[in-house]
Amino acid sequence: MANPSPGNSITLRVAAPSSFTATSELAAAVGAAGAAITALDVTESHHETIVVDVTCNTTDDAHAARVKDALNALDGVTVQHVSDRTFLMHLGGKLEVVPKVALRNRDDLSRAYTPGVARVCLAIAEDPAAARNLTVKRNTIAVLTDGSAVLGLGNIGPAAALPVMEGKAALFKQFANVDAWPVCLDTQDTEEIIMIAKAMAPVYGGINLEDIAAPRCFEIENRLREELDIPVFHDDQHGTAIVTLAALVNALRVVDKKLSEVKIVVSGVGAAGSAIIQLLKAQGAQHIIAAGRSGAIHSGEKYDDEHRSWIAANTNEEGFSGTLHDALKGADVFIGVSAPHVIGEEQVASMAENAIVFAMANPTPEIDPVIASKHAAVVATGRSDFPNQINNVLAFPGFFRGLLDAGASDITPNMLVAAAEAIANRVADDELNASYIIPSVFDPHVAADVATAVANAAHANAASAL
């Protein structure tokens, strides 16, 4: 991406000659190098020199190096040190375990641990359901991955996936007060993952599957849902689908089009793409073409996995068999959950009037959103440095909060729809516009609204089952 991002933020400690123009000269040099300054702090002042911390957003490591060189090129200026603010945030990890009860004396210890804790153990042994009220189980989620499909980075393994899982756990706590913990497994064997998840399930009130490659993720989720009595939610599938539906509902309001009438092209038929298509179909979308690496999925082709077969049987009713680029001609909506730069300006220009482009590949979208906005009426990405961020954090914290509050063990389509509607409804009619179709991830009401909607749907399910 060409735009400087907080994800590539650096702080340069700079020694410069002491003068009234020193900071403005530093700022001008950083700006001329294409970085976005966010702070200038004078940390030391001497009779001949000052030391300034210059904080700015860059595009990548090479850009950061150019900023450093630009400052060093100024007369009398020396860059003493460069700190990567993203790496600093991750030093030592982003999580810790903090006791909820004080252990001040022998009396507290005797109740929190031995001998008193034995009475609680026996109560749970007699009634296993009591564990939900007497342990961390009632509020704890496992964020489980095998590291096989991390962000847009691919199969980078469990250790490299850990920073993402830590981040998810931090978001659970920040936005919905759900205690979550990373579980990064050093295996990509489907049966082993299922076995391990089942073996550790007694500790957790739910399992959030994360960054597991398709089609393995489908079987893992289906099996665990069948064999466990706690909810299992694959965020890359259902979290993405929920937020995409919410954003599309509001984007269609902006351009005054109906879901049942628009032509939708989906790039990517993995976990996210499949779930998005299923949820859109459930909400009444009639004209969907899904495209993988080899082109459109259609009923005239045989596919090895059941999910592509389902897509072939339930979309693309006209049997279009061309490329993604050809499919976009005249399309009203593009939804990308695939790879960087798979479409260009020409393809967006070929879409219908008042087109909608959701380029959600992370960290680099399917098309530069600035370019897409030249032709599309509404543009959204998965990034935080552009308007209309379609981010799973709008869904999964509140979704699990609702599941835990309701004591639900199953996840149903009406829960997904209820969550999407709750998110969409956070944007009021007088707020809705092409640059604001989805609420901010920092909207304090989103998680609570989603939790309430999901809990109500769970209670309705339970009532109908009686």
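Helices and strands are taken here as DSSP runs, with at least four residues for a helix and at least two for a strand, numbered from the N terminus. The model described is a predicted one.

With those elements in hand, the second largest pocket is a good place to begin. The space in this pocket comes to about 1200 Å³. Its lining is made up of 33 residues, and V98, P99, K100, V136 and D179 are the closest to the centre. Several elements contribute to the lining: helices α4 (106–112), α5 (117–126), α6 (131–134) and α7 (158–176), together with strand β6 (179–184), each provide at least two residues. Sorted by class, 20 of the lining residues are nonpolar, eight are charged and five are polar.

Towards the start of the chain, the UniProt record, an unreviewed entry, places the feature "domain: ACT" at residues 11–85. In the model, this stretch is 45% strand and 32% helix, and its end C-alpha atoms lie 7 Å apart.

Aromatic contacts round out the picture. Across the whole structure, five aromatic pairs are found. One of them joins F233 and F400 in an edge-to-face arrangement, with 5.8 Å from centre to centre and 80° between the planes. This pair bridges distant parts of the chain, as F233 belongs to strand β8 (residues 232–234) and F400 to helix α16 (residues 396–406), 167 residues apart. F233 counts as buried because its relative accessibility is 0%, and F400, with a relative accessible area of 0%, is buried too. Both rings also belong to one aromatic cluster, formed by F172, F233, F396, F399 and F400.

Terms used
Residues are numbered from 1 along each chain as its sequence is written. This is a predicted model: local features need pLDDT of at least 70, side-chain atom pairs count only at pLDDT 80 or more; totals for chains, interfaces and linings use all residues. Side-chain values use heavy atoms; hydrogens and water are left out. On a 1 Å grid over the protein atoms alone, a cavity is a set of points where a 1.4 Å probe fits but cannot get out, and a pocket is an open set with protein on both sides within 12 Å along at least five of seven lines; lining residues have an atom within 4 Å of a point. Grid points are joined across faces, edges and corners, and a volume is the space filled by probe spheres set on the points. Ala, Val, Leu, Ile, Met, Phe, Trp, Tyr, Cys and Pro count as nonpolar, Asp, Glu, Lys and Arg as charged, and the others, Gly among them, as polar. UniProt positions are given in the numbering used here, feature names are shortened, and annotations may be inferred rather than shown by experiment. Rings of Phe, Tyr and Trp (its six-membered ring) pair if their centres lie within 6.5 Å; planes under 30 degrees apart count as stacked, over 60 as edge-to-face and the rest as tilted. Buried means under 20% relative accessible area, exposed over 50%, partly exposed in between (1.4 Å probe, protein chains only).
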